[in-house]
Each structure stands twice: as structure tokens, then as C-alpha cells.
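Student: Could you take me through one part of this model up close? I'd like to see how the strands and helices there fit together.

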Amino acid sequence: MKRILVFGAGGHSKVVIDVALVAGFSVIGILDEKFPVGTTYCGIPILGRSGDLAQVVKETSVRQGVVAIGDNWIRARVVTRTLEAVPDFQFPVLIHPSAVVASGVQVGAGSVVMAGSVVNPSSSIGIHCILNTRASLDHDGSLGDYASIAPGCTVGGCVKVGSFSAIGLGANLIHQIQIGEHTVIGAGALVLGSIPDRVVAFGSPAKVIRTRTPGEAYL
């Protein structure tokens, strides 16, 4: 059984931990900024803060884990700091057994595919992405690095979602459109055309509401 660490103790991490456990991983500890060392979260010990990683790796001999943080930008920052501290740290792919991932689909390191999700043929998922509960990515689709698709989203065929972009809860994207980088699509949106980089768009049909800055909070 592969032993891993989890970065983050929050609502999203509860789901990631569940995926890890049912996928056959052993979560030996959590690194989090809020909870004191020695306490537990979801029955798993808090081993320190993210800045304590090098010492935790030394003590546990575990050099792989997943960043269980929902915000795409913050997740990327934690990954960067992790590799600065432990350059050979590895990030396994986590796929829930109930997810349907077509043969040949490429899933990047650190990405999580959650329960009930569907990824159809000739699609690709970048590094450290989130395909959340009962979301779908149709044929020939792609998620850029650090992108996320919230629960219940339907993403049509040949859709490209740019790096760091977030598709909100229950949004629907028609075939053959592109979502730019660092863009947020609001919950329940019906996206009928391509959306550019660095904007917030929502509504039915979805319209660009305003611009946004990379790293701006959206959760």
C-alpha cells in the first residue's frame, strides 16, 4: 500500500482523503497551517505545517502526497514550496474507483478525479487538477494545469479549459469552445461560446462580468 501525505485540512481535503483511501493509498499524516501538531483531522494525525515538510519527510520516509486545497492558485503555491523543500517529492494521481476514465486518457501528476466523474476518450488532464464529484469531461477535451471543474459540471466535447481556470458548480459548457487561463465560470452557468483569459463569467447564457487578476480569491 502506498503511503502518502496530504496538504490541507478543510472540506476539500475530506473528499480527497476519502478518494485516496478507497483508491488504496494509506494517508499517514496531514500538513496544515491551522491545526496544532498532535491533533487529528478525519482520524489522521496533523504532523506539522507545510513549512515542516523536510523534517516530516525525514521522520516518516514518505516522499509523496497530494495537495488537497480547492483554490487553484494556492494549490500551485503549495506545490512550488513543496518542490523547493523536497525536490524529489512525488504527486500521485488519485482516481475514485467509481469514476469512469477512458483508456488512453492522460492525467497529470497530483490530479484528483472524484466519485462519479466521467472522462471520455482522447481527453487530457494537466497536473494538479480537480475533476470533482459527478463532473464530466467529454471526448477530446482538455484541462490545463491547476484547473478545476466543480461538482455536477458537464463539459462538452473538444472543450479546452485553460490553466488555473475554475468551472463553477453545475455549469454546462457546449462542445468546441475554449475557456481562457485564470478564468472563473460561475455556478450554474450555461456557456455557449468561448470565454477569454482572466475574466469572471456567469449567467444563462454566460457573459463576461469583469476581469480578474491571477491569484484573486474565488472560493
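Tutor: Sure, let's start with strand E1, residues 2-7, which runs parallel to E5 and is joined to it by three bridges. Keep in mind as you look that this is a predicted model. One pair to find on screen is Phe-7, which sits opposite Val-67 in E5. Next, bring in helix H1, residues 11-22: this helix packs on the sheet and touches E1, strand E2 (25-31), E3, strand E4 (44-48) and E5. The direction of H1 makes about 155° with that of E2.

Now step back to the sheet itself. It is an open one of five strands, in the order E3-E4-E2-E1-E5, and the pairing is mixed. At the edges you'll find strand E3 (40-41) and strand E5 (65-67); each has a single partner strand, so one side of each has no neighbour in the sheet. As a reminder, strands of a sheet pair through backbone hydrogen bonds, in either a parallel or an antiparallel way.

Then there's helix H2, residues 53-60. Which residues of H2 are buried? They are Leu-53, Val-56, Val-57 and Thr-60. These four cover an arc of only 100° around the axis, so they end up on the same side of H2. And what do the buried residues of H2 pack against? Their partners are E1, E2, E4 and helix H3 (72-85), so E1, E2 and E4 turn up here as well as in the contacts of H1. Flip H2 over, and the face turned away from the buried side carries Lys-58 and Glu-59, both exposed. Just after H2 comes Ser-61, with a positive phi of about 65°.

For a contrast, go along the chain to Pro-196, which lies in the loop between strand E22 (190-191) and E23. Its C-alpha atom is 42 Å from that of Pro-36, and the two prolines are 160 residues apart along the chain. Pro-196 has a relative accessible area of 43%, so it counts as partly exposed. Leaving out residues up to four places away in sequence, Pro-196 touches Gly-180, Thr-183 and Val-208.

The strand that follows this loop, E23 (residues 199-202), pairs in the parallel sense with strand E21 (residues 184-185) over two bridges, and Ile-185 stands opposite Ala-201. E23 also runs antiparallel to strand E24 (residues 207-211), with four bridges joining them; there, Val-199 faces Thr-211. The hairpin of E23 and E24 has four residues between the strands, and in it Gly-203 takes a positive phi near 110°.

Notes. Residues numbered from 1 in each chain as written. Predicted model: local features only at pLDDT ≥ 70, side-chain atom pairs only at ≥ 80, totals over all residues. Heavy atoms only, no water. Pairing = 2+ DSSP bridges. Buried < 20%, exposed > 50% of the residue type's maximum accessible area, 1.4 Å probe, protein only. Contact = heavy atoms within 4.5 Å. Axes fitted to C-alpha atoms, helices over the stretch in contact; angles between N-to-C directions. Arc of directions from axis to C-beta.
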